[in-house]
Amino acid sequence: MAKPLWVVAGVLVVLVGLVWTLQGVGVIEGSVMSNTTTWSIIGPIVLLAGALLMVVGVRGRKS
């Protein structure tokens, strides 16, 4: 059985990670996070954590 709350949380975390990555590499301008190496590193890590949440939610619990 899937865990929809985990999937939704994972999608939100992936989106945050994507925005942080794009700000870090300078694709999204207008923020103090723009063109900053720190967010270029943290963003993909957060994105992968969100993807892991989604995988856990989709796989569900094995009985």
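User: Helices, of at least four residues, and strands, of at least two, are DSSP runs numbered from the N terminus. How many helices and strands does the secondary structure of the protein chain come to?

Analyst: Happy to start there, keeping in mind that this is a predicted model. Helix 1 covers residues 4-25, and helix 2 covers 37-59. The count for the protein chain is therefore two helices and zero strands.

User: Thanks! Is the protein chain a compact globule or more spread out, judging by its radius of gyration?

Analyst: For 63 residues the globule rule gives 11 Å, and the radius of gyration is well over that, at 14 Å. The box filled by the C-alpha atoms, taken along the principal axes, is roughly 45 × 15 × 15 Å. Set against a compact globule, the protein chain is therefore more spread out.

User: What span does helix 2 reach from its first C-alpha to its last?

Analyst: Let's take the two helices in turn. Helix 1, with 22 residues, reaches 32 Å, close to the 32 Å expected at 1.5 Å a residue. Helix 2 has 23 residues and an expected span of 33 Å, and its actual reach is close to that, at 34 Å.

User: Which helix do the buried residues of helix 1 pack against?

Analyst: Those buried residues are Gly10, Val14, Gly17, Thr21, Gln23 and Gly24. On the other helix, Gly43, Gly50 and Gly57 are buried, and the buried residues there pack against helix 1. The packing partner for the buried residues of helix 1 is helix 2.

User: What share of the contacts with a separation of 6 or more comes from residues 24 or more positions apart?

Analyst: One pair that far apart in sequence is Gly10 and methionine 54, which are in contact. Across the protein chain, the share of these contacts that comes from residues 24 or more positions apart is 57%.

User: Is threonine 21 buried or exposed?

Analyst: Threonine 21 lies in helix 1. Beyond its neighbours within four places in sequence, threonine 21 touches Trp39, Gly43 and Pro44, and its C-alpha is separated by 5.9 Å from that of tryptophan 39, 18 residues along the chain. The cut-off for burial is under 20% relative accessible area. With 17% relative accessibility, threonine 21 therefore counts as buried.

User: Which residues is glutamine 23 in contact with, leaving aside its neighbours within four places in sequence?

Analyst: Glutamine 23 sits in helix 1 and, because its relative accessibility is 11%, counts as buried. One of its contacts, Asn35, is found in the loop between helix 1 and helix 2. The full set is Ile28, Ser31, Met33, Ser34, Asn35 and Thr36.

User: What is the phi of asparagine 35 near?

Analyst: Asparagine 35 belongs to the loop between helix 1 and helix 2, and with 51% relative accessibility it counts as exposed. Two glycines also have a positive phi: glycine 26, just after helix 1, at about 95°, and glycine 60, just after helix 2, at about 70°. Asparagine 35 has a positive value although it is a residue other than glycine, near 55°.

User: How far are the C-alpha atoms of alanine 9 and asparagine 35 separated?

Analyst: Alanine 9 has its place in helix 1 and, at 30% relative accessibility, counts as partly exposed. Along the chain, alanine 9 and asparagine 35 are 26 residues apart, and their C-alpha atoms are separated by 27 Å.

User: Which residues is methionine 54 in contact with, leaving aside its neighbours within four places in sequence?

Analyst: Methionine 54 is found in helix 2, where its 24% relative accessibility makes it partly exposed. Its C-alpha and that of lysine 3, 51 residues apart along the chain, are separated by 9.0 Å. The contacts of methionine 54 are Trp6, Val7, Gly10, Val11 and Val14.

User: Which residues make the nonpolar surface patch of about 420 Å²?

Analyst: Let's begin with one member, leucine 15, which lies in helix 1 and is partly exposed, with a relative accessible area of 46%. An α-helix has 3.6 residues a turn, so residues three or four places apart point the same way. The patch is made by Val8, Val11, Leu12, Leu15 and Leu18.

User: One last surface question: what percentage of the accessible surface belongs to carbon and sulfur atoms?

Analyst: Buried residues make up 21% of the 63 residues. The accessible surface of the protein chain comes to about 4400 Å², and the part belonging to carbon and sulfur atoms is 75%.

How values were computed. Residues are numbered from 1 along each chain as its sequence is written. This is a predicted model: local features need pLDDT of at least 70, side-chain atom pairs count only at pLDDT 80 or more; totals for chains, interfaces and linings use all residues. Side-chain values use heavy atoms; hydrogens and water are left out. Buried means under 20% relative accessible area, exposed over 50%, partly exposed in between (1.4 Å probe, protein chains only). Contact means heavy atoms within 4.5 Å. The expected span of a helix is 1.5 Å times one less than its number of residues. Patches are made of residues with over 30% relative accessible area and no salt bridge: like charges are joined within 9 Å, nonpolar side chains (Val, Leu, Ile, Met, Phe, Trp, Tyr) within 5 Å. Accessible areas come from the Shrake-Rupley method with a 1.4 Å probe; for residues, only the protein chains shown count as cover. A salt bridge is a side-chain nitrogen of Lys or Arg within 4 Å of a carboxyl oxygen of Asp or Glu. The radius of gyration is taken over C-alpha atoms; the globule rule is 2.2 Å times the number of residues to the power 0.38.
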